[in-house]
There are 2 protein chains.
Amino acid sequence: MAEVIRAPRGTTLTCKSWLTEAAMRMLMNNLDPEVARDPANLIVYGGKGKAARNWESFYKIVEVLKELEDDETLIVQSGKPVAVWKTHEWAPRVLIANSNLVPKWATWEYFNELEARGLIMYGQMTAGSWIYIGTQGILQGTYETFYAVAKKYFGGTLKGKLVLTAGLGEMGGAQPLAVTMNDGVVIAVEVDKRMIDRRLNTGYLDTWTDSLDEAIRMAKEAMKEGKPLSIGLLANAADVHPELVRRGIIPDVVTDQTAAHDPLNGYVPAGISFDEALKLRKENPQKYLEMVYDSVVKHVSAILEMKKQGAKVFEYGNNIRRLAQDHGVKDAFDIPGYMPEYIRDLFCEGKGPFRWAALSGNPEDIYKTDQKVIELFGEDEHLRKWIEMAQKKVKWQGLPARICWLGQGQRAEMGLAMNEMVKKGELEAPIVIGRDHHDTGSVASPYRETEAMKDGSDAIADWPILNAMLNVASGATWVSFHHGGGVGIGYSLHAGVVIVADGTDLSKKKLERVLTNDVGMGVVRHADAGYEIAINTAKKHGIRMPMLDK
Amino acid sequence: MAEVIRAPRGTTLTCKSWLTEAAMRMLMNNLDPEVARDPANLIVYGGKGKAARNWESFYKIVEVLKELEDDETLIVQSGKPVAVWKTHEWAPRVLIANSNLVPKWATWEYFNELEARGLIMYGQMTAGSWIYIGTQGILQGTYETFYAVAKKYFGGTLKGKLVLTAGLGEMGGAQPLAVTMNDGVVIAVEVDKRMIDRRLNTGYLDTWTDSLDEAIRMAKEAMKEGKPLSIGLLANAADVHPELVRRGIIPDVVTDQTAAHDPLNGYVPAGISFDEALKLRKENPQKYLEMVYDSVVKHVSAILEMKKQGAKVFEYGNNIRRLAQDHGVKDAFDIPGYMPEYIRDLFCEGKGPFRWAALSGNPEDIYKTDQKVIELFGEDEHLRKWIEMAQKKVKWQGLPARICWLGQGQRAEMGLAMNEMVKKGELEAPIVIGRDHHDTGSVASPYRETEAMKDGSDAIADWPILNAMLNVASGATWVSFHHGGGVGIGYSLHAGVVIVADGTDLSKKKLERVLTNDVGMGVVRHADAGYEIAINTAKKHGIRMPMLDK
Ligand SMILES: NC(=O)c1ccc[n+]([C@@H]2O[C@H](COP(=O)([O-])OP(=O)(O)OC[C@H]3O[C@@H](n4cnc5c(N)ncnc54)[C@H](O)[C@@H]3O)[C@@H](O)[C@H]2O)c1
Ligand SMILES: NC(=O)c1ccc[n+]([C@@H]2O[C@H](COP(=O)([O-])OP(=O)(O)OC[C@H]3O[C@@H](n4cnc5c(N)ncnc54)[C@H](O)[C@@H]3O)[C@@H](O)[C@H]2O)c1
């Protein structure tokens, strides 16, 4: 069954409309070997985030989509197509729910049992909702985070600033480029040479060394000249960080993307060579873990010391604070999380990971929409720069796609502009528009997106459910509701939405509503929690919040 | 703020359409003193199930509904109106989410904390979704359950059969009438004389005695004559049940509705007078509980013995099996739950608690729809009898309303018929149609509605979410999604739906879809779990389940 899946390209419809064609192509695109991590097992990304329950389900979904009418809706339960209903033309063509469990049973153990019996599927975020577009997403998110740091503390640029981090893995590998795109200098400590090589090959990393002295020298020079530079340092963070403190070298910004959330498989201890560490991990996991704890304590203590001496430090969602605190670093949580520290302000403006793909498969369609972004929002230099850099650095994976963070008002504007382009024939085929579930109004996740909400409403999950229902009510093409994405089973609930710009007048109306209401629910969620920025955004955009009426 | 709330009656619109008028009247009706348990605190029923977060929210919801346009949607988060969005005329006018929490935080303790801070509201089932209609619902549900017993074991009637139960409280008080409506004889043991008196006064109970001999004599006589009779026996079940076993008197059916789920406040121990028990409960709860455990063991052991000797026994959701097993009755779970034993088969046909209310406030409107039920489904004697008995025995509470269990196909038929009646002017005003969340496709609740599913999918909650989204996509007037109803925070997720029959052609289309799809998702959920009845129902009604295609 391990057939290679690749979405059809071009303007010939396989399905009865571009709406169902989009669902089919995006489902297939999620399983394109250029996109998916393990397509043979239907795994797209993020642990075991899947696009369909099994191959039988996959083929049946495709079959149904090919026949689905404009007033019918396909129901997908954890990746299995369970029913087709007559609805109406404003209704979504597909409704999806993945991985949802009654709270008392919401554990990995129980989930795995049900999964083994073929009853449920882990959807992660955009895997099970058919709008993953490859690694561009993480690059853009990291770029935005570093930009938020720059804006908050350094006047909007990291020029002449030094960022220290560790981990150049799957996600962390985006860090060097994300820093240099913000004009900064970065030393990224990584123990695994292969990871450094990979990033050098894709142009995400500029240079490397295994000498701390050399790294410092290069960094200082670049900082002095105000030139962006990314340096991979082959070493262990638990050695490098304390040594920098000893030498009195305090970076401007410090974060981390070692996979500390999984101490056994994701963190490599110091005091032992990399190869020996890999051996020890297998042969004596207990011993290995003890060394990890020891290293993490040194690593995090050094970060805390850098913070005391003025560095802007933050945790990037790898749970390293928890690990350090559990092993004796009492004040580990003095390191703030990246969400409340940097992303929340953006979410309050409705800003989040807006993305789209060209159903034609033609990169020109994306370049033209890139141009449209610059035309509409080009006064935002940061945004313009992203588009330019993305064109240079991002390689297509599957259908050509673009991501950028847009806020309330902007998303609708951009969606309508793309619909107009399709209508006028400026693009070869319709555009499919979606977003990550890691967005302003779509997720309740107290260890990440909703950590430390102002009013303490971190765990209240009415919001993502309302978001999903409102998207269904606004004209979305498909809507999904998931459990456990990002932080695992039990810890999050979140919704996805996708809408097609096919150039029709009906789509115009739908785009206007979906792209206003979806993100608007995020603004409302934050305004309701008392964030001033969100309240102002709501006012500015005329969002009606009855309880704020005079 | 404890103003008395009562929905407007008659045909004058306060809002801009009958759809929004219905939402407003039903919200108000939920707080009508005839309907609500504690209207001053906005509590409708079921513990602290509320209709709105607070009075400020209540008045604001009403204010918004009065102005809401036909293409706008109000968003209610745990009883608070948080936003109004532009949608379209097929979209619901209100979307509601109540009490939802990220699973790891889904405990009463945490919920209560958030509630105390004013951030969340407990919606129970129909309280927070504005379609509670008073105690008629419990009477009808109990009637259906006893009928299901009769159908499964006694050829469809309890004529000449003896039912033994205990508890004539808030819910349990419906039992005597529900049995006699099925032509059976019932001895209902109750320790509290006031409860017996209440049921005698409302005509739910025929007679009473405090003598076991007398109760047996009356029961035997009625059984012999084939006459329905309900007998309240003022005594303790822990005394009566073992004594019946000793005397070799084995009832045909045994169940229980003492409030054993709450041993301290809901169960009264034997071996002590009722008044002394109430004193002991306050003064020495520990001692009281020990006596309760002792009594429950005797009570449940007797039920098990009756089962061995041929009685059909079942637990009615009061958790008495758990309590007994925890205190030594190893085989307490040999007593089946009422859901898998009796209700599941009904759910497989899509049968569940369909209900409607007359927005006019005119009882004649309900009598006319009663007539329509008989006209359409009168060949179902059981259903006809319910309508006739309900007309005699059920007192209106708030807006006149009716409930009856209808299945796949029937609900849509009835909905369309009511719309036609409104259109033709046969009814004074539109009808509002809804259902309990305790229904075939709308709930995941492993200790009740989804206990012991055939494929082990009890805890999978994709289904109620899909149900909610599909109802939004099908033209419902308002849709709600709740957590914790029936069995408490952490243990259930469920959806509600309401739709107005206002006589228009658009409503006709919406009714057709909503009343087909909503219940159809229940049939699909059960068919997917492998129930033959559900698979046949799906086939019979042409429900498209792609994975069942040849
Ligand atoms: N938004 C978010 O919250 C978010 C997003 C992406 C990733 N993350 C988290 O970031 C972490 C990294 O993710 P990933 O997918 O890149 O993981 P990964 O396992 O692919 O990469 C981790 C890298 O860290 C290196 N490493 C481990 N210990 C080290 C040490 N002591 N010194 C130097 N290098 C070391 C490893 O060799 C590896 O290359 C994870 O914990 C992930 O959960 C969070
Ligand atoms: N569908 C369902 O699952 C469902 C529906 C309704 C009720 N229930 C359950 O049924 C139970 C009853 O509900 P309720 O609202 O009527 O409770 P309630 O507290 O109003 O009534 C319980 C009654 O039992 C009597 N009683 C207690 N101990 C007794 C004893 N040993 N002998 C005789 N009488 C005794 C009390 O005096 C009281 O009148 C609850 O546990 C409830 O959760 C379940």
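Visitor: What makes the pairing of Gly172(A) with ligand 1 a polar contact?

Guide: A polar contact is a pair of N or O atoms within 3.5 Å. A backbone N or O atom of Gly172(A) lies 2.9 Å from an oxygen atom of ligand 1, so the pair qualifies. The model is predicted: local features need pLDDT of at least 70, side-chain atom pairs count only at pLDDT 80 or more, and totals for chains, interfaces and linings use all residues. Residues are numbered from 1 along each chain as its sequence is written, chains are lettered from A and ligands numbered from 1 in the order in which they are written, and side-chain values use heavy atoms, without hydrogens and water.

Visitor: Which atoms lie 3.0 Å apart between Asn236(A) and ligand 1?

Guide: They are a polar side-chain atom of Asn236(A) and a nitrogen atom of the ligand. For Ala237(A), a backbone N or O atom is 3.1 Å from a nitrogen atom of ligand 1. The protein buries 84% of the 860 Å² that ligand 1 exposes when taken alone (accessible areas by the Shrake-Rupley method with a 1.4 Å probe).

Visitor: Why are residues of chain B and chain A said to be in contact?

Guide: Contact means heavy atoms within 4.5 Å, and 81 residues of chain B meet 80 residues of chain A in this sense.

Visitor: What is the area buried between chain B and chain A?

Guide: About 6,700 Å² is buried, 69% of it from carbon and sulfur atoms; buried area is the accessible area (1.4 Å probe) that two parts lose on being put together, summed over both. In chain B, Trp85(B), Met469(B) and Met547(B) lose the most area to chain A.

Technical notes:
Polar contact = N/O pair within 3.5 Å; in protein donor to acceptor, adjacent residues only side chain to side chain.
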